[in-house]
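This report describes one protein chain for a reader who has not met it before. Please view the sequence and the structure first, and then follow the text residue by residue and strand by strand.

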Amino acid sequence: LMFPAFNLDSRLSAKDQVLAIRFDGRAKAYMLDALAAVGVVNDAFADRELVIVADRLSRAARAYDRGGHEFRRGEQARTLVDESGAVWRVEESALVREGVGDVRLARIASHTAYWFGWAAFFPNTELYR
């Protein structure tokens with residue numbers, strides 16, 4: 001870093017980028033490099049099920065409510081497939097089940113940040129491994 005940083009957390013490198021989520025006073029962070037490598041992460045945090053979808057090239061990542069489903073990457077761009085084989089479109093505000101337009105799983109608020117900045121404000125952040 002080019003300047004002193006408050007409360008450095010050595011669990012990650014200071015400039016690692018994370019996707020961070022907060023629920024009910026708790027925080028969890030996911031390394032963007034790890035998310036980009038796997039593409040789809042089904043997880044649970046603070047009594048909520050979520051799926052994180054990441055783009056391998058841009059490393060952009062978004063979190064969505066999982067609604068009890070287990071997702072994997074679909075064959076078409078910007079799609080997921082659930083445990084029953086149903087296809088879901090990845091849209092900006094929600095996951096939308098194809099053929100059933102009113103079935104939507106909402107996007108979950110998240111933040112992309114450098115680890116040193118996030119950890120300074122949320123030192124008890126849980127890390128996804």
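Thr125 has a relative accessibility of 2% in this predicted model, and because the limit for a buried residue is under 20%, Thr125 counts as buried. This residue is placed in the loop between α2 (115-121) and β12. Its side chain reaches the backbone oxygen of Phe122 at a distance of 2.6 Å. When neighbours within four places in sequence are left aside, Thr125 is in contact with Arg11, Ala27, Lys28, Ala29, Trp115 and Trp118.

Asp9 is a second buried residue, with a relative accessibility of 17%. Asp9 is found in the segment before β1 (17-23). The side chains of Asp9 and Arg11 are joined by a polar contact of 2.9 Å. Outside its neighbours within four places in sequence, Asp9 touches Trp115, Ala119 and Pro123. Trp115 is thus among the contacts of Asp9 and also among those of Thr125.

The third residue considered here is Ala54, which lies in strand β4. Ala54 has a relative accessible area of 3% and is buried. With neighbours within four places in sequence set aside, the contacts of Ala54 are Leu35, Ala36, Gly39, Ala60, Ala61 and Arg73.

Separation along the chain may be set beside separation in space. Thr125 and Arg22 are 103 residues apart in sequence, and their C-alpha atoms are 9.0 Å apart. For Ala54 and Phe116, the separation is 62 residues in sequence and 22 Å in space, C-alpha to C-alpha.

The next topic is the arrangement of strands. Four strands form an open sheet in the order β11-β1-β2-β12, with mixed pairing. At the edges stand β11 (111-114) and β12 (126-127); each has a single partner strand, so one side of each is left without a neighbour in the sheet. Strands of a sheet pair through backbone hydrogen bonds, in either a parallel or an antiparallel manner. The table lists three antiparallel pairs, each with an example of residues that stand opposite one another or are bridge partners.

| Strand pair | Bridges | Sense | Residue pair |
|---|---|---|---|
| β1 and β2 (26-31) | six | antiparallel | Ala20 and Ala29 |
| β5 and β10 (104-108) | two | antiparallel | Tyr64 and Arg107 |
| β9 (94-97) and β10 | three | antiparallel | Val96 and Arg104 |

Strand β10 is paired with β5 and also with β9. Ala29, which stands opposite Ala20, is among the residues in contact with Thr125.

Which residues line the largest pocket? They are Val53, Ala54, Asp55, Arg56, Ala60, Ala61, Arg62, Tyr64, Arg73, Ala77, Arg78 and Val90. The space in this pocket is about 260 Å³. Both β4 (48-54) and β5 (61-65) supply at least two residues of the lining, and the largest share, three residues, comes from β5. By type, the lining divides into seven nonpolar residues, no polar ones and five charged ones.

The pocket links several parts of this account. The buried residue Ala54 belongs to the lining, as do Ala60, Ala61 and Arg73, which are among the contacts of Ala54. Tyr64 is also one of the lining residues, and its bridge partner in β10 is Arg107.

Technical notes:
Residues are numbered from 1 along each chain as its sequence is written. This is a predicted model: local features need pLDDT of at least 70, side-chain atom pairs count only at pLDDT 80 or more; totals for chains, interfaces and linings use all residues. Side-chain values use heavy atoms; hydrogens and water are left out. Buried means under 20% relative accessible area, exposed over 50%, partly exposed in between (1.4 Å probe, protein chains only). A polar contact is a pair of N or O atoms within 3.5 Å; within protein, one must be able to donate a hydrogen and the other to accept it, and residues adjacent in sequence count only if both atoms are side-chain atoms. Contact means heavy atoms within 4.5 Å. Two strands pair if DSSP finds at least two bridges between them. On a 1 Å grid over the protein atoms alone, a cavity is a set of points where a 1.4 Å probe fits but cannot get out, and a pocket is an open set with protein on both sides within 12 Å along at least five of seven lines; lining residues have an atom within 4 Å of a point. Grid points are joined across faces, edges and corners, and a volume is the space filled by probe spheres set on the points. Ala, Val, Leu, Ile, Met, Phe, Trp, Tyr, Cys and Pro count as nonpolar, Asp, Glu, Lys and Arg as charged, and the others, Gly among them, as polar.
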